[in-house]
Amino acid sequence: MSPGAALARIRLNPHSRAVQRDLRNATNMHRTLMRLVPDGLGGSPRQAAGLLYRLDVTDTFSTLLVQATALDPTRLPDDYGHADVKDLTPVLNALKKGLPVRYRIVVNPVKTERLSLENKGRRGKRIALTGPDADQWWARRAHQAGLHLTTALPTPVAAVHSSGDSTAVRHHLVRYDGTATVTDPDALAEAVLTGIGRAKSYGAGLLSLARSAA
């Protein structure tokens, strides 16, 4: 079995200035959440920590789900929100072939532009996928992750914006909810732990699973 993980559910305080700042810019959110994982993780700390997160928004409140191999929610800014942490090991251990599950994930469906032969060796720009193209992208990724989808309901999610030293990047996001059957428990556990797709630093890739009644 792959290493375990912890999952924190943080009910955000909408009056917190830190929360308001982070919701405006995904780079700020990423920096805040990286405070929850251990220090000294080398040159790729997010990947080393297995940090993933997703923002779930309802009409009444917003919940931030944060997953990593280890989490310390006491390192959140003051008044950021109320956090509950649980061990994901029982969820991973319960994955069996043929198990029906419900799932939720926010993904960044993209494809890389094909370049002409004259541009061989160069990488084309990434193009956001929408509609049926995005649905097919998710179906392929789910299959690779050990899931056979039986239903998949897409919901557009507001794009997130991240900023570097001199540029701003817009990340196109889609949320999928539905039901599926586990076909490869090991591949699925790995997908839960490492996430699916790109833009993992900006709220994409965290796969939530729950046993389904049918």
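1. Let's start in the middle of a sheet: β1 and β3 run antiparallel and are joined by six bridges. One of the residue pairs across these strands is arginine 11 with its bridge partner in β3, threonine 63. Please keep in mind as you read that this is a predicted model.

2. On its other pairing, β1, which spans residues 6-12, meets β4 in the antiparallel sense over seven bridges. Here leucine 7 has lysine 86 of β4 as its bridge partner. β3 also pairs with β2: six bridges join these two antiparallel strands, and arginine 54 is matched with leucine 65 in β3. β2 and β3 form a hairpin, with four residues between them.

3. Put together, these pairings give an open sheet of four strands in the order β2-β3-β1-β4, with antiparallel pairing. β2 (52-57) and β4 (81-87) are at the edges and have a single partner strand each, so one side of each lacks a neighbour in the sheet. From one strand to the next, the twist averages 20 degrees.

4. β3 deserves a closer look. How many of the residues of strand β3 are buried? The count is seven of seven across residues 62-68, so the strand is mostly covered by the definition used here, under 20% relative accessible area. In a regular strand, side chains alternate between the two faces of the sheet. In β3, Ser62, Leu64, Val66 and Ala68 point one way, while Thr63, Leu65 and Gln67 point the other way, and all are buried.

5. Back at arginine 11, there is a contact with a ring that you may want to view on screen. Arginine 11 lies over the face of phenylalanine 61, at 3.9 Å from the ring centre.

6. Now to the aromatic residues, where the structure holds two pairs. In one of them, the ring centres of tyrosine 103 and tryptophan 138 are 5.6 Å apart and the planes meet at 50 degrees, so this pair is tilted. Tyrosine 103 belongs to strand β5 (residues 100-107) and tryptophan 138 to helix α5 (residues 131-144), so the pair ties together parts that are 35 residues apart in sequence. Both partners are out of the solvent by the numbers: tyrosine 103 is buried with a relative accessible area of 4%, and tryptophan 138 is buried with 0%.

7. Tryptophan 138 also pairs with tyrosine 176, and this aromatic pair is stacked, with 6.0 Å centre to centre and 20 degrees between the planes. Tryptophan 138 is in helix α5 and tyrosine 176 in strand β10 (residues 168-182), so parts 38 residues apart in sequence are tied together by the pair. Tryptophan 138 and tyrosine 176 are both buried. Through these ring pairs, Tyr103, Trp138 and Tyr176 are linked into a cluster.

8. Which residues touch the most other members of the largest nonpolar core? They are Trp138, Leu147, Tyr176, Ile196, Leu207 and Leu209, out of 32 residues in that core. The elements that contribute two or more residues to this core are β5, α5, β10, α6 (185-194) and β11 (207-211). Of these, α6 gives the most, with five residues. A second, separate core has 21 residues, including Ala68, Leu71, Leu76 and Tyr80.

9. Leucine 209 is a good place to inspect the packing. Leaving aside residues up to four places away in sequence, leucine 209 touches Leu95, Val101, Arg102, Tyr103, Leu147, Leu188 and Val192. In α6, the buried residues include Leu188, Ala189, Ala191, Val192 and Leu193. After α6 comes glycine 195, which has a positive phi, near 85 degrees.

10. One contact between distant parts of the chain involves lysine 96, in the loop between α4 (89-93) and β5. Lysine 96 and proline 185 are 89 residues apart in sequence, yet their C-alpha atoms are 5.6 Å apart in space. Not counting residues up to four places away in sequence, lysine 96 touches Val182 and Pro185.

11. Finally, some overall figures. The protein has six helices and 11 strands, and buried residues make up 42% of its 214 residues. Among contacts with a separation of 6 or more, 73% are between residues 24 or more positions apart.

Notes
Residues are numbered from 1 along each chain as its sequence is written. This is a predicted model: local features need pLDDT of at least 70, side-chain atom pairs count only at pLDDT 80 or more; totals for chains, interfaces and linings use all residues. Side-chain values use heavy atoms; hydrogens and water are left out. Two strands pair if DSSP finds at least two bridges between them. Axes are lines fitted to C-alpha atoms, for helices over the stretch in contact, and angles run from 0 to 180 degrees between N-to-C directions. Rings of Phe, Tyr and Trp (its six-membered ring) pair if their centres lie within 6.5 Å; planes under 30 degrees apart count as stacked, over 60 as edge-to-face and the rest as tilted. Buried means under 20% relative accessible area, exposed over 50%, partly exposed in between (1.4 Å probe, protein chains only). A charge sits over a ring if NZ of Lys or CZ of Arg is within 6 Å of the ring centre and within 35 degrees of the ring normal. A nonpolar core is a set of buried Ala, Val, Leu, Ile, Met, Phe, Trp, Tyr and Cys residues joined through side-chain atoms within 4.5 Å. Contact means heavy atoms within 4.5 Å.
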